[in-house]
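Please open the model in your viewer and keep the selection tool at hand. We will go from one selection to the next, pausing at each to see what is there.

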Amino acid sequence: MGRMPVLPEPLRYRSSVGPEPGLPIRFSMPVKMTCRRVRILLRTRPVVDGEAAISDVSGWLLSDTERERASRFVFERDRATYSAAHSLLRSMLTEFHQCPPLAWQFRNNPHGRPELDPAIYGSQAPRFNLSHTHGRVAVAITLDPVPDGFELGVDAESVARTADVLGLARRFLSPAEADWLQGLPASDRQSQFLRLWTLKEAVAKAVGLGLSLNFQSFHCRVDPLSVSFDQPGFGSSECWNLHNEWVPPGHWLSLAVRCPSGIGPDWQIEHLNP
Ligand SMILES: CC(C)(COP(=O)(O)OP(=O)(O)OC[C@H]1O[C@@H](n2cnc3c(N)ncnc32)[C@H](O)[C@@H]1OP(=O)(O)O)[C@@H](O)C(=O)NCCC(=O)NCCS
């Protein structure tokens, strides 16, 4: 008979959180402080080509299901980024919330977003979201209990991806966003499209719909950062706290956090070395 997972009952939060001494952090940026805060830690880590071959999937912190899913990727680099992202998630959850890394159990919402099951962990269970793209993974987790209505999403994209960005913009962005892109110098459009795209995906992931959300029905700006929705139910622009940054040498990264009024997210971003 297998051992029962050790579940966090009740969840406990460390009195002091933050990077352990010696972590290879290059950059850290607290953004907002308010009366009641929800701390968020966003970590990214590069994934170098060949990493999966060096340490095959048995070396990662993955459940049997995740291991099986990793093994089904055709391309080694997808196996590596998937494995790195899910291992990073498990290690971060364990670092800040009491539960061994392989004991965490997830369920998917109807649109595919993995979440900690409130039936197991309670309504204030940590929230998280992750992104894996060629060359980098990103994981955001909450460190404090979250209020109703709180949501977060993260997205990273590599600018190595090339595409007919004006064609994509007319198909998938709102008219105002596509006009903004078209007004940029041609040499900037590729990168700026991906910048805006990470922001839109982070918002779509925060609301839990992903690509099921009509990307022409909400509008993002990168300068100043903002989001607004055509339809009600997603929260006013004031509820949304957005972050967008360039992560050298080749990625855009966005974080979108929806908070009920009176509560502010207080996020810290760490870019780990390989
Ligand atoms: C989520 C989505 C926007 C991802 O975009 P992407 O840039 O290609 O990929 P990213 O690496 O940034 O993000 C993928 C991760 O987002 C998370 N995710 C998946 N669906 C999500 C959703 N609806 N909302 C928020 N996060 C989601 C997952 O953790 C996923 O990684 P995993 O599959 O390894 O667990 C897109 O793939 C999507 O909408 N998928 C929906 C799939 C779907 O509709 N499934 C139906 C039910 S199974």
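The tour below starts with the whole protein, then visits a buried strand, an open sheet and a pair of helices.

**The whole protein**

Keep in mind from the start that this is a predicted model. With everything displayed as a cartoon, you can look for seven helices and eleven strands. The protein has 274 residues, of which 37% count as buried. If you consider the contacts between residues at least 6 apart in sequence, 68% of them join residues at least 24 apart.

**A buried strand**

Now select residues 136–142, which form strand β5, and show the surrounding residues as well. Is this strand enclosed or open? Seven of its seven residues are buried, so β5 is largely enclosed by the rest of the structure. To follow this on each face, colour Arg136, Ala138, Ala140 and Thr142, which lie on one side, and then Val137, Val139 and Ile141, which lie on the other; these residues are all buried, and both faces of β5 are therefore covered.

Next, add residues 36–46, which make up strand β1, and you will find that β1 runs antiparallel to β5 and is joined to it by seven bridges. On this side, Arg45 stands opposite Val137 in β5. Then add residues 128–133, strand β4, which pairs with β5 over six bridges, again in the antiparallel sense. Here the bridge partner of His132 is Val137 in β5. Before moving on, zoom in on the hairpin of β4 and β5, where two residues lie between the strands and Gly135 takes a positive phi near 95°.

**An open sheet and its helix**

Which strands make up the open sheet of three strands? Its order is β6-β10-β9, and the pairing is antiparallel. Select residues 151–158 for β6 and 240–247 for β9, and you have the edge strands, each of which pairs on one side only. On average, and with direction ignored, neighbouring strands of this sheet are turned by 10° against each other. When you add residues 251–258, strand β10, you can trace the eight bridges that join it to β9, and you can find His243 opposite Leu255 in β10. Now show residues 186–206, helix α7, which packs on the sheet and touches β6, β9 and β10, while its direction makes about 150° with that of β6.

**A pair of helices**

From α7, step back to Leu184, which lies in the loop between α6 and α7. Is Leu184 buried, or partly exposed? It has 14 C-beta neighbours inside 10 Å, and Leu184 therefore counts as partly exposed. Leaving aside residues up to four places away in sequence, Leu184 touches Arg189 and Gln192.

Finally, select residues 165–172, helix α5, together with residues 175–182, helix α6. Two packed helices are described by the angle between their axes and the distance between the axes. For α5 and α6 the angle is about 165°, and the axes are 8 Å apart; the two helices are therefore roughly antiparallel to each other. If you turn the view, you can see that α5 passes α6 in a left-handed crossing. Show the side chains where they come together: Val165, Leu166, Ala169 and Arg170 in α5 meet Glu177, Ala178, Leu181 and Gln182 in α6. Among the residues of this contact, five are nonpolar, one is polar and two are charged.

How values were computed:
Residues are numbered from 1 along each chain as its sequence is written. This is a predicted model: local features need pLDDT of at least 70, side-chain atom pairs count only at pLDDT 80 or more; totals for chains, interfaces and linings use all residues. Axes are lines fitted to C-alpha atoms, for helices over the stretch in contact, and angles run from 0 to 180 degrees between N-to-C directions. Helices (H or I, at least four residues) and strands (E, at least two) are DSSP runs, numbered from the N terminus. Angles under 35 degrees count as roughly parallel, over 145 as roughly antiparallel, 65 to 115 as roughly perpendicular and the rest as oblique. A crossing is left-handed if the near helix is turned anticlockwise from the far one by less than a right angle, and right-handed if clockwise. Two residues are in contact if their C-beta atoms, placed from the backbone, lie within 7 Å. Ala, Val, Leu, Ile, Met, Phe, Trp, Tyr, Cys and Pro count as nonpolar, Asp, Glu, Lys and Arg as charged, and the others, Gly among them, as polar. A residue is buried if 20 or more other C-beta atoms lie within 10 Å of its own, exposed if 12 or fewer, and partly exposed in between; C-beta atoms are placed from the backbone. Two strands pair if DSSP finds at least two bridges between them.
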